[in-house]
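Biologist: I should like to discuss the interior of this protein chain with you. Shall we begin with the empty spaces and then turn to the packed regions?

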Amino acid sequence: MNQVLISRRKLGVTFTNEGATARVWAPFAQSVVLRHCNRQLDIPLQNDGSYWQITTAQLQSGDTYKFVLNNTVERPDPASLLQPEGVHGPSQVVDTNTFVWTDTDWHNLPLEDYLLYELHAGTFTPEGTFAGIENRLDYLVELGINAIEIMPVAQFPGTRNWGYDGVFPFAVQNSYGGPEGLHKLVDACHHRGLAVVLDVVYNHLGPEGNYLGEYGPYFTTKYQTPWGNALNFDDDYSDSVRRYFIENVLMWFRDFHIDALRLDAVHAIRDASETHILREIKQYVDVLTAQTGRPYYLIIESDQNETQFIQPLSSNGYGMDAQWNDEFHHALRVTAGGERNGYYADYYGIQHLAKSYRDAYVYDGTYMPRRARIVGKSTAGHAGRQFVVFSQNHDQIGNRMLGERPGQLVSFAMQKLMAGAVMSSPYLPMLFMGEEWGELNPFLYFVNHSDPTLVEAVRRGRKAEFAAFQTTANSSGRSAGAVDLSDPQDERTFERSRLQWPMITQEPHRTLFRYYQTLLALRKKSSLRHPDRESVAVLVDEGKQTLTLFRQHKQKTLPGSLTSAETVVCLMNFSSEPQSLMLPASDGDWHKLLDSADPQWNGPVEAPQLMSGNEAVTIQAESILIYTSAHV
């Protein structure tokens with residue numbers, strides 16, 4: 001293991017007492033020159049094996065530069081930290097050591113305590129910047145979440161993009177505020193007790209401004225991905241490509257104080273090496289944790305239900321700390337009345353939701369019709385903290401043809417029930433920005449490419465994507481075929497995706513916000529706080545469309561004393577009619593913790609505050625009712 005990588009970044013331009021060092025991997029180049037863009041100055045780099053580097057006093061923080069390959073090709077730095085003029089312009093020198101951190105008392109939160117809030121920097125606020133997010137941090141604390149998850153910020157073309165078209169993995173998007181803006185945001189988050197999760201993309205690079213292949217074999221024809229040639233993690237020259245991405249991971253944690261990374265679609269990372277790149281990343285991160293004393297988490301997205309990703313290193317796994325569980329979302333959406341086409345076709349509603357509560361994966365070694373094969377492995381032995389669940393996220397909204405949020409698709413009552421279903425799960429809950437007040441603006445797919453041919457290709461691709469997966473009706477009841485697909489390149493598509501902050505002051509949105517506050521507070525103080533899968537039991541009545549979820553947490557009240565257990569019962573009614581359910585036997589009364597049908601949440605009627613065991617209680621239509629055996 002290269003200890004130098006852990007202590008400081010080596011690629012790009014870095015600073016030591018000797019000056020600025022520029023270092024770039026270009027194994028086939030005959031010459032590499034650093035062209036200073038602020039003045040007429042070319043600085044030849046010296047060959048060091050497959051790397052080229054130079055230490056010079058001629059380069060200062062704030063200067064702009066490009067590399068010239070073989071005296072002909074002029075390109076930005078593959079490890080640039082800032083692209084002030086966009087993906088085609090020069091790189092700017094940034095000294096990350098000059099930022100003065102004030103978060104020395106911050107040591108990250110235990111992963112099991114994370115209450116996540118996913119946001120897109122460009123549409124979360126009117127400003128569309130890191131500073132805009134910083135101005136809303138007190139609001140997020142008031143809401144009750146304790147971790148924000150920021151969609152990718154690696155430099156992408158233009159100013160409008162989800163972030164998955166990034167082409168400079170080390171560069172922080174200039175229109176968001178660049179490295180300085182991200183530094184300030186993370187520091188401010190930590191002061192408020194908020195962890196920061198950053199979404200990163202290691203399975204592909206975007207199509208515009210992707211110059212890595214001109215420097216060396218960053219890609220391989222050995223595998224094909226949905227985006228073209230795969231990143232080269234196991235072919236010839238792959239050692240330097242692996243190093244590039246390992247350095248990127250360490251940079252976010254060490255130099256930007258990021259607390260966790262969310263790794264996009266790791267099933268599309270192709271690597272048949274003896275040591276998978278994810279496993280090697282985890283090994284390096286563990287050493288960094290030992291050096292800094294701060295835990296750092298790696299959270300993945302994968303659609304394979306393959307537990308090897310989240311198995312510990314000691315069990316020959318890749319050591320990832322957690323993963324998004326899309327299957328919980330799919331089962332919940334179908335149970336809540338969503339359409340069953342596209343990838344939803346494999347999910348059968350409330351029975352699959354119950355299975356996801358018990359087993360996380362719905363398909364865990366069973367046959368999936370859409371893929372026509374056995375999918376997944378058992379999650380036995382994996383803790384609840386290893387799975388992130390949600391009722392919505394950027395993908396599940398933005399990949400709908402019309403980008404509708406649940407606020408446009410289901411009733412107010414069902415929105416409350418879906419939120420309760422997520423918060424009462426034995427997993428890590430995540431909200432998507434604006435969910436907490438029932439935002440009605442869509443979250444659409446948007447880009448800002450400069451190449452007309454590429455723009456047209458994106459348009460065609462989106463249309464083809466919805467050929468077999470369309471919404472059945474929009475909020476006005478018109479068929480999907482009568483609605484034009486939003487143009488991803490049109491700036492109006494981006495503007496329509498911004499949150500409407502004034503909405504939170506209006507009803508019923510204000511009430512929904514208060515309901516989410518109450519849910520998050522309940523998650524923190526009751527047995528729901530502990531993502532303990534071992535204590536979960538689920539009962540389902542498919543005819544009534546009801547689900548009863550039992551959660552329990554055992555703890556010793558005092559050293560040497562007997563173990564006490566609080567049981568929480570979550571009664572969910574997904575039907576359009578009130579239903580009667582029996583509370584389980586209990587030595588004492590059942591105390592109500594939450595009732596989404598309470599008039600204070602714009603519901604029809606309040607359920608009893610106290611109930612006896614073996615007593616029937618009425619669950620209102622599309623509602624959740626939570627009782628505890630503990631005295632409150």
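Biologist: Which element gives the most residues to the lining of the largest cavity?

Modeller: Please note that the model is predicted. The elements that give two or more residues to this lining are β13 (168-172), β14 (195-200) and α6. The greatest contribution, three residues, comes from β14.

Biologist: How many residues in the lining of the largest cavity are nonpolar?

Modeller: The lining has 18 residues, and those nearest the centre of the cavity are P152, A154, P169, V200 and V201. One residue of the lining is charged and four are polar. The number of nonpolar residues is 13.

Biologist: How much space lies in the largest cavity?

Modeller: Cavities are counted here from 30 Å³ upwards, and the count comes to eight. The second largest of them holds about 80 Å³. For the largest cavity, the space is about 140 Å³.

Biologist: Which helix gives the most to the lining of the second largest cavity?

Modeller: This cavity is lined by 13 residues, with Q392, P406, Q415, E435 and Y516 closest to its centre. By class, the lining has four nonpolar, six polar and three charged residues. At least two residues each are supplied by α11 (406-409) and α12 (412-423). The most, three residues, come from α12.

Biologist: Turning to the packed regions, which helix gives the most to the largest nonpolar core?

Modeller: The largest nonpolar core has 152 residues, and Y117, W252, L261 and M572 have the most contacts inside it. Ten residues of this core come from one helix, spanning residues 238-256. That helix is α6.

Biologist: With which residues is L261 in contact, leaving aside its neighbours within four places in sequence?

Modeller: L261 is among the residues with the most contacts inside the largest core. Contact here means heavy atoms within 4.5 Å. Under that condition, the partners of L261 are V197, L198, V200, Y202, V249, W252, F253, Y297, L298 and I299.

Biologist: How many residues does the second, separate core have?

Modeller: Among the members of this second core are W106, L109, A195 and Y297. The size of this core is 17 residues.

Biologist: Finally, what is the radius of gyration of the protein chain, and why does it agree with that of a compact globule?

Modeller: The C-alpha trace spans about 85 × 65 × 50 Å along its principal axes. Because the chain has 632 residues, a compact globule would have a radius of gyration near 26 Å. The value for the protein chain agrees with this, at 26 Å.

Definitions and conventions. Residues numbered from 1 in each chain as written. Predicted model: local features only at pLDDT ≥ 70, side-chain atom pairs only at ≥ 80, totals over all residues. Heavy atoms only, no water. Core = buried A, V, L, I, M, F, W, Y, C linked by side-chain atoms within 4.5 Å. Buried < 20%, exposed > 50% of the residue type's maximum accessible area, 1.4 Å probe, protein only. Helix = DSSP H or I, 4+ residues; strand = E, 2+ residues; numbered from the N terminus. 1 Å grid on protein atoms, 1.4 Å probe; cavity = no way out; pocket = protein on both sides within 12 Å on 5 of 7 lines; lining within 4 Å. Points joined across faces, edges and corners; volume = space filled by probe spheres on them. Nonpolar A, V, L, I, M, F, W, Y, C, P; charged D, E, K, R; others polar. Rg over C-alpha atoms; globule rule 2.2 N^0.38 Å.
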